[in-house]
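User: Could you take me through the architecture of this protein, reasoning from the coordinates?

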Amino acid sequence: MSLKKLRNNPFQHFVGIEVIKLGNGKSLLQLELNDHHLNLYGIPHGGVHATLLDITMGTAASFPGSTEREVDSVTLNLSVDYISPPQTKLLISKGQITKKGKSICYCSGEIFDDKKNLVASGRSIFKLYDSKN
């Protein structure tokens, strides 16, 4: 996945997810929560956490170390553990590759609020492919 393609991800921008740092099989993203992210209980909808983790882990999978090519990734499986509601309006998500093969990549991720409270964690499996082929 090219950085240009990532920056043009319409759903990511619609949700409001910003890329802070990525590369070397790791990623750091953030999301400023607004009213449209909340469910009827006034806390972020679970789909917000799932989306943030999916994009965070997918970008980690797509941007490996400096010796490897950037690739596209498609989610094969996503598992989310909802830990606690955030105490602030800023969510910070960290993702990393845990194991990578030729065409499959396993990742883990965590979401924190900006007071460093763990909000959610997740694991994902991605299919990797080179869009240039």
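Analyst: The exchange below concerns a predicted model and takes up its sheet, its core and its cysteines in turn.

User: In what order do the six strands of the open sheet run?

Analyst: The sheet is open and its pairing is antiparallel, with a twist that averages 20° from one strand to the next. At its edges lie strand S1 (17-23) and strand S3 (72-82), each of which pairs on one side only. Read across the sheet, the order is S1-S2-S4-S5-S6-S3.

User: Over how many bridges do S3 and S6 pair?

Analyst: S3 is one of the two edge strands, and its pairing with S6 is in the antiparallel sense. Within this part of the sheet, Asp-72 stands opposite Tyr-129 in S6. The number of bridges between S3 and S6 is 10.

User: Which element supplies the largest share of the largest nonpolar core?

Analyst: This core has 20 residues, and those with the most contacts inside it are Ile-17, Leu-31, Leu-52, Leu-91 and Ile-111. Strand S2 (26-32), helix H3 (46-62), strand S5 (104-113) and strand S6 (118-129) each supply at least two residues of the core. The largest share, six residues, comes from H3.

User: How many of the 17 residues of H3 are buried?

Analyst: From its first C-alpha to its last, H3 reaches 24 Å, which is close to the 24 Å expected at 1.5 Å a residue. The helix is largely enclosed by the rest of the structure, because the number of its 17 residues that are buried is 14.

User: Which residues is Leu-91 in contact with, leaving aside its neighbours within four places in sequence?

Analyst: Leu-91 is among the residues with the most contacts inside the largest nonpolar core. Two others named in that group, Leu-31 and Leu-52, are also among the contacts of Leu-91. Leaving aside neighbours within four places in sequence, the full set is Leu-29, Gln-30, Leu-31, Leu-33, Leu-52, Pro-86, Ile-111, Phe-112 and Val-119.

User: How many disulfides does a search of the whole structure find?

Analyst: The cysteine sulfur nearest to that of Cys-105 belongs to Cys-107 and is 3.8 Å away, whereas a disulfide requires sulfur atoms within 2.5 Å, so this pair does not qualify. Across the whole structure, the number of disulfides found is zero.

User: Is Cys-105 buried or exposed?

Analyst: The cut-off for buried is under 20% relative accessible area. Cys-107 falls below it with a relative accessible area of 3%. Cys-105 has 0% relative accessibility and therefore counts as buried.

Conventions. Residues are numbered from 1 along each chain as its sequence is written. This is a predicted model: local features need pLDDT of at least 70, side-chain atom pairs count only at pLDDT 80 or more; totals for chains, interfaces and linings use all residues. Side-chain values use heavy atoms; hydrogens and water are left out. Buried means under 20% relative accessible area, exposed over 50%, partly exposed in between (1.4 Å probe, protein chains only). A nonpolar core is a set of buried Ala, Val, Leu, Ile, Met, Phe, Trp, Tyr and Cys residues joined through side-chain atoms within 4.5 Å. Helices (H or I, at least four residues) and strands (E, at least two) are DSSP runs, numbered from the N terminus. Contact means heavy atoms within 4.5 Å. Two strands pair if DSSP finds at least two bridges between them. Axes are lines fitted to C-alpha atoms, for helices over the stretch in contact, and angles run from 0 to 180 degrees between N-to-C directions. The expected span of a helix is 1.5 Å times one less than its number of residues.
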